[in-house]
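Could you walk me through this structure in my viewer, telling me what to select next and what is there? I would like to start with the whole fold and then go on to single side chains.

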Amino acid sequence: MPSETITAAAAGTWKLGGLTVNRVGFGAMRLTGSAAFDLGTPSNRERSISVLRRALELGVNHIDTAAFYFSSLRSANELINRALAPYADDLVITTKVGPGRDPSGKWWWATPEQLRGQVEENLRQLGRDHLDVVNLRTDGRGSIAEHFGALADLRDAGLIRHLGVSGIKAGHLAEAQAIAPVVCVQNRYGIGDLQPDSEDILRACGEQGIAFVPFFAIAGEGRLAGASGTDSDDVLAIARAHDASAAQIRLAWTLHRGPHMLAIPGTGNPDHLVENVAAGAIRLTDDELVRLEALHRGQAG
C-alpha cells in the first residue's frame with residue numbers, strides 16, 4: 001500500500017492518563033543493533049538517530065524505551081536524548097523498570113528498594129526531570145504489590161507522572177490498581193501468540209479504559225530474534241489484498257482488537273519505520289478479521 005504520506009495519526013489517538021498519543025508509536029529496543037540488546041551487531045549511530053527523528057516527522061509521539069536497552073556500543077536512551085532533546089511538548093516517553101543489566105550485560109531483577117535507582121538512571125540518560133510513564137516489568141510470578149507500591153511512592157514524589165505494568169498475569173492488574181492508577185499494560189501479544197490470561201487482560205483493560213500495548217506483535221514466537229519471515233497463507237493473502245506486508249497486517253490486526261490498543265513496533269531501518277507507521281491506515285474487512293481470529297485461535301492452517 002502507498003505509505004509515503006501516511007502518518008501515525010491515521011491510526012487514531014488514545015489517552016495515557018492525561019497524555020494523548022497516536023496509537024502507532026515506536027519501540028526503541030532494536031535501535032541499538034541488528035538484534036535486541038547485545039545479540040547482534042551494534043547499530044550505526046547516525047542511522048539510529050535519523051530513524052528517531054523521522055519517526056517524529058511521521059507523527060509518532062509515543063516512544064517506548066528502557067535503560068536496559070543497550071548493546072556493546074549503543075544505549076537506546078542515550079540515542080533518544082541525542083536525537084530528540086529538547087523534547088517536543090506532546091512527546092510521551094514510556095520506560096520500564098524491574099529488570100536490569102550490569103555493564104557485562106548480565107541480567108538481574110531489582111528489589112523494591114532498587115527501583116528508585118533504576119528510575120533515576122532513566123532520568124539521567126534521557127535528560128529529564130520526570131518520566132511520563134513507567135512500567136513495572138514483572139517476571140510473572142508472585143505478588144507485585146511491594147514493587148508497584150515503591151513506584152507509586154516515586155510518582156507521589158514527582159519523579160513519575162503515570163504508572164503501568166508489563167508481563168503480568170491474571171490478578172496483577174487488580175493488585176496494582178488497588179495501589180495506584182494504571183494507565184497501560186504491556187504484555188506479549190500477536191496473531192497466533194496466545195499467552196495465558198492474555199484475552200482476559202485485554203478485555204479488562206478495555207473495560208477500565210487502560211491502554212493495552214503488545215510487544216512482539218510482529219515477531220511473535222521469534223521474540224528477540226525478530227520475525228521468522230514465514231507467515232500463514234491467510235496472512236499473506238490478506239497482505240496481497242491490501243498491497244501490504246505480512247508485518248503490516250499483523251500490526252493492523254492488533255490495532256483492530258480495540259480502540260485501547262497501542263502499537264510500538266521497533267526498528268532501526270528507516271524503510272521499515274515508514275511501513276510500520278503506514279500499517280495504522282489499514283482497515284481490515286469483517287471477513288479478514290474472522291480469518292485472522294481463527295488463525296489467532298489456532299483454528300486455521
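Here is a tour that goes from the overall fold to rings, charges, a histidine and the cysteines.

**Stop 1: the whole chain**

Keep in mind from the start that this is a predicted model. Show everything as a cartoon, and you will be looking at 10 helices and 11 strands. Along the principal axes, the C-alpha atoms fill a box of roughly 50 × 45 × 35 Å. The radius of gyration is 18 Å, which agrees with the value near 19 Å for a compact globule of 301 residues.

Now switch on the surface. The protein exposes about 12700 Å², and carbon and sulfur atoms supply 50% of that area. Of the 301 residues, 55% count as buried. Contacts also reach far along the chain: among those between residues at least 6 apart in sequence, 74% join residues at least 24 apart.

**Stop 2: the aromatic rings**

Select Phe, Tyr and Trp side chains next. A search of the whole structure finds seven aromatic pairs. Zoom in on Phe-68 and Trp-107: their ring centres are 5.4 Å apart and the planes meet at 65°, so this pair is edge-to-face. Phe-68 sits in the loop between strand 4 (62-64) and helix 2 (76-84), while Trp-107 belongs to strand 7 (residues 107-109), so the pair ties together parts 39 residues apart in sequence. Phe-68 is buried, with a relative accessible area of 8%, whereas Trp-107 counts as partly exposed at 43%.

Move on to Tyr-189 and Trp-253, a stacked pair with 5.7 Å from centre to centre and 15° between the planes. Tyr-189 is in the loop between strand 10 (182-186) and helix 6 (198-208), and Trp-253 is in helix 8 (residues 246-255), so to speak 64 residues apart. Both Tyr-189 and Trp-253 are buried.

Then return to Phe-68 and Trp-107 and add Phe-37 and Tyr-69 to the selection: ring pairs link these four residues into a cluster.

**Stop 3: arginines over rings**

Which arginine lies over the face of Trp-107? Select Arg-101, which is placed there at 5.4 Å from the ring centre. For another case, show Arg-128 and Tyr-87: Arg-128 lies over the face of Tyr-87, at 4.9 Å from the ring centre.

**Stop 4: His-162**

Centre the view on His-162, which you will find in strand 9 (residues 160-166). Is His-162 buried or exposed? With 16% relative accessibility, His-162 counts as buried. Leaving out residues up to four places away in sequence, His-162 touches Leu-16, Gly-17, Gly-18, Leu-19, Asp-132, Val-133, Val-134 and Val-183.

**Stop 5: the cysteines**

Finish with Cys-184 and Cys-205. How many disulfides does the model have? The count comes to zero. Cys-184 is in no disulfide, and the nearest cysteine sulfur, that of Cys-205, is 8.9 Å away. The cut-off for a disulfide is a pair of cysteine sulfur atoms within 2.5 Å. Cys-184 is buried, with a relative accessible area of 2%, and Cys-205 is buried too, at 0%.

Terms used
Residues are numbered from 1 along each chain as its sequence is written. This is a predicted model: local features need pLDDT of at least 70, side-chain atom pairs count only at pLDDT 80 or more; totals for chains, interfaces and linings use all residues. Side-chain values use heavy atoms; hydrogens and water are left out. Buried means under 20% relative accessible area, exposed over 50%, partly exposed in between (1.4 Å probe, protein chains only). Rings of Phe, Tyr and Trp (its six-membered ring) pair if their centres lie within 6.5 Å; planes under 30 degrees apart count as stacked, over 60 as edge-to-face and the rest as tilted. Helices (H or I, at least four residues) and strands (E, at least two) are DSSP runs, numbered from the N terminus. A charge sits over a ring if NZ of Lys or CZ of Arg is within 6 Å of the ring centre and within 35 degrees of the ring normal. Contact means heavy atoms within 4.5 Å. The radius of gyration is taken over C-alpha atoms; the globule rule is 2.2 Å times the number of residues to the power 0.38. Accessible areas come from the Shrake-Rupley method with a 1.4 Å probe; for residues, only the protein chains shown count as cover.
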